[in-house]
Amino acid sequence: MVNIVEAIQARRSTRAYDNAPLTAEDHDAVAQFIAQTAPPFGVQARVELIHHDFGMERQKLGSYGSVKGACDFMGLIHRPGPLAAEGAAYWFEQVVLHCTSLGLGTCWLAGFTHSSFSKHVTLEADEKLAYASPVGYVGGVKPLFERLKLFDSEKAHITKKPFETLFLRPDGSGLTAAEAGRYAEPLELTRIAPSAKNQQPFRVMLDGERLHFYAMDGLFAHTDLGIAMCHFEQSARFLGIEGGFEVLPDAPGGPDLEYVISWV
Ligand SMILES: Cc1cc2nc3c(=O)[nH]c(=O)nc-3n(C[C@H](O)[C@H](O)[C@H](O)COP(=O)(O)O)c2cc1C
(Lines give C-alpha, C1' and ligand atoms only; values in the text may rest on other atoms or scores of the structure.)
Protein backbone atom coordinates (compact mmCIF):
# COMPACT_ATOMS: atom_id res chain seq x y z
CA MET A 1 0.00 0.00 0.00
CA VAL A 2 1.27 3.46 -0.90
CA ASN A 3 2.20 5.60 2.09
CA ILE A 4 0.13 8.68 1.25
CA VAL A 5 1.76 10.76 4.00
CA GLU A 6 5.20 10.22 2.45
CA ALA A 7 3.84 10.94 -1.03
CA ILE A 8 2.28 14.24 0.15
CA GLN A 9 5.52 15.27 1.84
CA ALA A 10 7.66 14.33 -1.16
CA ARG A 11 5.48 15.92 -3.88
CA ARG A 12 6.46 19.25 -5.35
CA SER A 13 5.83 20.86 -8.71
CA THR A 14 8.47 19.73 -11.20
CA ARG A 15 9.07 21.85 -14.31
CA ALA A 16 12.24 20.20 -15.74
CA TYR A 17 12.23 16.69 -17.19
CA ASP A 18 14.79 14.59 -19.00
CA ASN A 19 12.77 14.25 -22.23
CA ALA A 20 12.49 10.46 -21.86
CA PRO A 21 9.05 8.90 -22.44
CA LEU A 22 7.51 6.93 -19.59
CA THR A 23 8.69 3.34 -19.48
CA ALA A 24 5.96 0.82 -20.32
CA GLU A 25 5.98 -0.21 -16.67
CA ASP A 26 5.44 3.32 -15.35
CA HIS A 27 2.89 4.14 -18.06
CA ASP A 28 0.90 1.03 -17.13
CA ALA A 29 1.13 1.76 -13.41
CA VAL A 30 -0.30 5.26 -13.92
CA ALA A 31 -2.98 4.02 -16.35
CA GLN A 32 -3.97 1.25 -13.94
CA PHE A 33 -4.33 3.65 -11.02
CA ILE A 34 -6.53 5.93 -13.15
CA ALA A 35 -8.68 2.97 -14.22
CA GLN A 36 -9.09 1.73 -10.66
CA THR A 37 -10.10 5.06 -9.10
CA ALA A 38 -12.85 7.63 -9.72
CA PRO A 39 -13.72 11.15 -8.62
CA PRO A 40 -15.78 11.54 -5.43
CA PHE A 41 -19.29 13.07 -5.15
CA GLY A 42 -20.47 11.38 -8.37
CA VAL A 43 -18.51 13.90 -10.45
CA GLN A 44 -18.06 12.91 -14.08
CA ALA A 45 -14.43 13.20 -15.09
CA ARG A 46 -11.72 11.32 -16.89
CA VAL A 47 -7.94 11.51 -16.94
CA GLU A 48 -6.29 10.98 -20.33
CA LEU A 49 -2.65 10.06 -20.79
CA ILE A 50 -1.28 12.20 -23.64
CA HIS A 51 2.04 11.57 -25.35
CA HIS A 52 3.47 14.63 -27.07
CA ASP A 53 7.14 15.58 -27.24
CA PHE A 54 7.50 19.34 -26.83
CA GLY A 55 11.30 18.98 -27.08
CA MET A 56 13.97 20.27 -24.71
CA GLU A 57 13.07 23.95 -25.08
CA ARG A 58 11.12 25.56 -22.25
CA GLN A 59 7.42 25.69 -23.20
CA LYS A 60 4.75 27.88 -21.70
CA LEU A 61 2.09 25.21 -21.29
CA GLY A 62 0.15 26.63 -18.37
CA SER A 63 -0.90 30.14 -17.42
CA TYR A 64 2.52 30.96 -15.95
CA GLY A 65 5.90 29.28 -15.55
CA SER A 66 7.31 26.96 -18.19
CA VAL A 67 8.00 23.27 -18.54
CA LYS A 68 11.07 21.72 -20.16
CA GLY A 69 11.74 18.23 -21.49
CA ALA A 70 8.31 16.74 -20.85
CA CYS A 71 6.76 14.33 -23.34
CA ASP A 72 4.04 12.61 -21.34
CA PHE A 73 1.09 14.43 -19.84
CA MET A 74 -2.13 13.74 -17.98
CA GLY A 75 -5.18 15.75 -18.96
CA LEU A 76 -8.13 16.20 -16.60
CA ILE A 77 -11.44 16.39 -18.43
CA HIS A 78 -14.71 16.92 -16.61
CA ARG A 79 -18.33 17.81 -17.04
CA PRO A 80 -20.14 20.60 -15.14
CA GLY A 81 -22.24 19.74 -12.10
CA PRO A 82 -22.37 20.10 -8.32
CA LEU A 83 -18.91 19.92 -6.75
CA ALA A 84 -17.44 19.26 -10.22
CA ALA A 85 -14.37 21.47 -9.71
CA GLU A 86 -13.67 20.06 -6.25
CA GLY A 87 -14.34 16.40 -7.12
CA ALA A 88 -12.31 16.44 -10.34
CA ALA A 89 -9.40 18.21 -8.62
CA TYR A 90 -9.55 15.78 -5.68
CA TRP A 91 -9.21 12.83 -8.04
CA PHE A 92 -6.49 14.40 -10.23
CA GLU A 93 -4.47 15.10 -7.09
CA GLN A 94 -4.87 11.45 -6.06
CA VAL A 95 -3.38 10.53 -9.44
CA VAL A 96 -0.60 13.11 -8.96
CA LEU A 97 0.25 11.66 -5.54
CA HIS A 98 0.29 8.16 -6.98
CA CYS A 99 2.78 9.39 -9.60
CA THR A 100 4.91 10.82 -6.76
CA SER A 101 4.90 7.43 -5.07
CA LEU A 102 6.14 5.91 -8.35
CA GLY A 103 9.03 8.41 -8.38
CA LEU A 104 7.53 10.51 -11.19
CA GLY A 105 7.52 14.30 -11.36
CA THR A 106 4.28 16.25 -11.97
CA CYS A 107 3.11 19.87 -12.09
CA TRP A 108 -0.50 21.06 -12.23
CA LEU A 109 -0.99 23.37 -15.23
CA ALA A 110 -3.95 25.67 -15.75
CA GLY A 111 -5.04 28.48 -18.04
CA PHE A 112 -3.58 27.84 -21.48
CA THR A 113 -3.84 24.12 -20.88
CA HIS A 114 -6.71 23.91 -23.29
CA SER A 115 -4.86 25.30 -26.31
CA SER A 116 -1.73 23.29 -25.48
CA PHE A 117 -3.47 19.94 -25.26
CA SER A 118 -6.98 20.05 -26.73
CA LYS A 119 -5.85 18.70 -30.10
CA HIS A 120 -4.67 15.55 -28.33
CA VAL A 121 -8.03 14.65 -26.83
CA THR A 122 -11.54 14.31 -28.17
CA LEU A 123 -14.03 16.25 -26.10
CA GLU A 124 -17.77 15.76 -26.02
CA ALA A 125 -20.10 18.78 -26.11
CA ASP A 126 -20.24 19.55 -22.38
CA GLU A 127 -16.71 18.37 -21.54
CA LYS A 128 -13.85 20.67 -20.63
CA LEU A 129 -10.12 19.94 -20.56
CA ALA A 130 -9.62 21.72 -17.27
CA TYR A 131 -6.05 20.98 -16.22
CA ALA A 132 -3.02 19.03 -17.27
CA SER A 133 0.25 17.91 -15.76
CA PRO A 134 3.47 16.63 -17.23
CA VAL A 135 4.42 13.22 -15.86
CA GLY A 136 7.96 12.00 -16.21
CA TYR A 137 11.51 11.77 -14.97
CA VAL A 138 12.97 14.76 -13.24
CA GLY A 139 16.18 16.33 -14.54
CA GLY A 140 17.54 13.28 -16.31
CA VAL A 141 17.63 11.04 -13.27
CA LYS A 142 14.65 9.12 -12.04
CA PRO A 143 14.14 10.45 -8.53
CA LEU A 144 13.51 7.26 -6.63
CA PHE A 145 10.92 7.62 -3.96
CA GLU A 146 13.47 6.55 -1.40
CA ARG A 147 15.63 9.49 -2.42
CA LEU A 148 12.73 11.92 -2.41
CA LYS A 149 12.10 10.95 1.18
CA LEU A 150 15.41 12.56 2.08
CA PHE A 151 13.89 15.98 1.40
CA ASP A 152 13.31 18.07 4.45
CA SER A 153 9.61 18.63 3.80
CA GLU A 154 9.39 21.34 6.46
CA LYS A 155 11.94 23.42 4.57
CA ALA A 156 10.69 22.46 1.11
CA HIS A 157 7.22 23.74 1.96
CA ILE A 158 8.38 26.96 3.58
CA THR A 159 6.50 29.10 1.05
CA LYS A 160 3.11 27.78 2.15
CA LYS A 161 0.90 29.86 4.47
CA PRO A 162 1.22 29.07 8.17
CA PHE A 163 -1.11 26.65 9.92
CA GLU A 164 -2.83 29.43 11.90
CA THR A 165 -3.70 31.31 8.68
CA LEU A 166 -5.32 28.42 6.82
CA PHE A 167 -7.07 26.80 9.76
CA LEU A 168 -9.58 28.61 11.94
CA ARG A 169 -11.40 28.47 15.23
CA PRO A 170 -15.21 28.93 15.08
CA ASP A 171 -14.76 32.66 15.77
CA GLY A 172 -12.52 32.97 12.70
CA SER A 173 -9.25 33.40 14.60
CA GLY A 174 -6.22 31.20 13.87
CA LEU A 175 -6.22 27.59 15.07
CA THR A 176 -2.97 26.20 16.47
CA ALA A 177 -1.71 22.70 15.70
CA ALA A 178 -1.99 21.88 19.43
CA GLU A 179 -5.68 22.86 19.41
CA ALA A 180 -6.30 20.75 16.28
CA GLY A 181 -5.60 17.56 18.27
CA ARG A 182 -5.90 14.42 16.13
CA TYR A 183 -6.58 16.59 13.08
CA ALA A 184 -3.20 18.33 13.39
CA GLU A 185 -1.35 15.90 11.11
CA PRO A 186 -3.93 15.68 8.28
CA LEU A 187 -4.30 19.48 8.42
CA GLU A 188 -0.53 19.94 8.20
CA LEU A 189 -0.60 17.64 5.13
CA THR A 190 -3.42 19.83 3.75
CA ARG A 191 -1.32 22.94 4.33
CA ILE A 192 1.38 21.72 1.94
CA ALA A 193 -1.02 20.93 -0.93
CA PRO A 194 -0.29 22.50 -4.33
CA SER A 195 -2.41 25.48 -5.37
CA ALA A 196 -2.50 27.84 -8.34
CA LYS A 197 0.22 30.50 -7.90
CA ASN A 198 0.70 28.98 -4.44
CA GLN A 199 -2.13 31.20 -3.19
CA GLN A 200 -3.94 28.60 -1.07
CA PRO A 201 -7.40 30.22 -1.38
CA PHE A 202 -9.10 27.82 1.02
CA ARG A 203 -9.78 27.78 4.75
CA VAL A 204 -10.84 25.03 7.15
CA MET A 205 -12.71 25.73 10.38
CA LEU A 206 -12.59 23.29 13.29
CA ASP A 207 -16.00 23.29 14.97
CA GLY A 208 -16.10 20.65 17.72
CA GLU A 209 -15.36 17.38 15.95
CA ARG A 210 -16.47 18.74 12.58
CA LEU A 211 -14.37 20.58 10.02
CA HIS A 212 -15.93 23.04 7.59
CA PHE A 213 -14.17 23.64 4.26
CA TYR A 214 -14.41 27.05 2.55
CA ALA A 215 -13.29 28.52 -0.77
CA MET A 216 -12.12 32.12 -0.99
CA ASP A 217 -12.15 34.41 -4.00
CA GLY A 218 -10.10 33.40 -7.01
CA LEU A 219 -10.31 31.78 -10.40
CA PHE A 220 -8.99 28.41 -9.21
CA ALA A 221 -10.25 28.51 -5.60
CA HIS A 222 -12.65 25.57 -5.96
CA THR A 223 -9.96 23.50 -7.67
CA ASP A 224 -7.42 24.36 -4.98
CA LEU A 225 -10.00 23.46 -2.34
CA GLY A 226 -10.60 20.07 -4.01
CA ILE A 227 -6.86 19.38 -3.87
CA ALA A 228 -6.80 20.38 -0.19
CA MET A 229 -9.80 18.09 0.48
CA CYS A 230 -7.90 15.23 -1.15
CA HIS A 231 -4.87 15.80 1.06
CA PHE A 232 -7.05 15.99 4.16
CA GLU A 233 -9.24 12.96 3.53
CA GLN A 234 -6.56 10.69 2.10
CA SER A 235 -4.18 11.36 4.99
CA ALA A 236 -6.95 11.15 7.62
CA ARG A 237 -7.94 7.74 6.26
CA PHE A 238 -4.32 6.60 6.16
CA LEU A 239 -3.93 7.70 9.80
CA GLY A 240 -7.08 5.79 10.84
CA ILE A 241 -9.29 8.86 11.45
CA GLU A 242 -12.87 8.02 10.53
CA GLY A 243 -15.27 10.39 8.85
CA GLY A 244 -16.40 11.65 5.48
CA PHE A 245 -17.42 14.72 3.51
CA GLU A 246 -20.99 15.96 3.72
CA VAL A 247 -22.69 19.22 2.74
CA LEU A 248 -24.40 20.54 5.92
CA PRO A 249 -27.40 22.90 5.81
CA ASP A 250 -26.35 24.74 8.97
CA ALA A 251 -22.60 25.27 8.56
CA PRO A 252 -21.35 28.63 9.80
CA GLY A 253 -20.22 31.25 7.31
CA GLY A 254 -17.49 33.84 7.64
CA PRO A 255 -16.23 36.99 5.97
CA ASP A 256 -14.83 36.23 2.48
CA LEU A 257 -15.52 32.53 3.04
CA GLU A 258 -17.75 30.53 0.71
CA TYR A 259 -18.91 27.39 2.50
CA VAL A 260 -18.50 24.24 0.40
CA ILE A 261 -18.52 21.08 2.52
CA SER A 262 -17.78 19.62 5.95
CA TRP A 263 -15.90 16.63 7.27
CA VAL A 264 -18.07 14.87 9.83
C1 LIG B 1 -4.88 24.58 -10.09
C2 LIG B 1 -3.39 24.78 -10.25
C3 LIG B 1 -2.90 25.43 -11.36
C4 LIG B 1 -1.53 25.60 -11.54
N5 LIG B 1 -1.07 26.19 -12.69
C6 LIG B 1 0.26 26.28 -12.91
C7 LIG B 1 0.75 26.82 -14.14
O8 LIG B 1 -0.01 27.20 -15.02
N9 LIG B 1 2.10 26.87 -14.31
C10 LIG B 1 2.97 26.44 -13.35
O11 LIG B 1 4.18 26.53 -13.57
N12 LIG B 1 2.54 25.93 -12.16
C13 LIG B 1 1.21 25.84 -11.93
N14 LIG B 1 0.76 25.29 -10.74
C15 LIG B 1 1.69 24.82 -9.71
C16 LIG B 1 1.77 25.80 -8.53
O17 LIG B 1 2.49 26.94 -8.91
C18 LIG B 1 2.40 25.09 -7.32
O19 LIG B 1 1.55 24.07 -6.89
C20 LIG B 1 2.65 26.04 -6.16
O21 LIG B 1 3.57 27.04 -6.52
C22 LIG B 1 3.18 25.30 -4.92
O23 LIG B 1 4.37 24.62 -5.18
P24 LIG B 1 4.47 23.04 -4.99
O25 LIG B 1 3.45 22.42 -5.92
O26 LIG B 1 5.87 22.68 -5.37
O27 LIG B 1 4.15 22.71 -3.56
C28 LIG B 1 -0.62 25.15 -10.54
C29 LIG B 1 -1.12 24.51 -9.41
C30 LIG B 1 -2.49 24.31 -9.26
C31 LIG B 1 -2.99 23.59 -8.05
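Two strands are said to pair if DSSP finds at least two bridges between them, and I begin there because the structure I am showing today, which is a predicted model, has a strand with two such partners.

That strand is β2, residues 72–78, and on one side of the pairing we have β1, residues 45–51, which is joined to β2 by 7 bridges and runs antiparallel. If you look for Arg46, you will find that this residue stands opposite Ile77 in β2. The other partner is β4, residues 128–136, which pairs with β2 in the antiparallel sense over 6 bridges, and here Ile77 has Leu129 as its bridge partner.

Is β2 buried or exposed? All 7 of its 7 residues are buried, so the strand is largely enclosed by the rest of the structure. In a regular strand the side chains alternate between the two faces of the sheet. For β2 both faces are covered, with Asp72, Met74, Leu76 and His78 buried on one side and Phe73, Gly75 and Ile77 buried on the other.

Let me turn now to the pockets. The largest holds about 450 Å³ of space, and of the 28 residues lining this pocket, the closest to its centre are Ser13, Arg15, Tyr64, Pro194 and Ser195.

The second largest pocket holds about 300 Å³, and among its 14 lining residues, Val2, Ile4, Phe33, His98 and Gln234 are the closest to the centre. Where does this second pocket lie? Domain 1, residues 4–147, and domain 2, residues 159–263, both contribute to its lining, so the pocket lies between them, and the largest share of that lining, 4 residues, comes from α2.

Technical notes. Residues numbered from 1 in each chain as written. Predicted model: local features only at pLDDT ≥ 70, side-chain atom pairs only at ≥ 80, totals over all residues. Heavy atoms only, no water. Buried < 20%, exposed > 50% of the residue type's maximum accessible area, 1.4 Å probe, protein only. 1 Å grid on protein atoms, 1.4 Å probe; cavity = no way out; pocket = protein on both sides within 12 Å on 5 of 7 lines; lining within 4 Å. Points joined across faces, edges and corners; volume = space filled by probe spheres on them. Domains from an automatic or database assignment.
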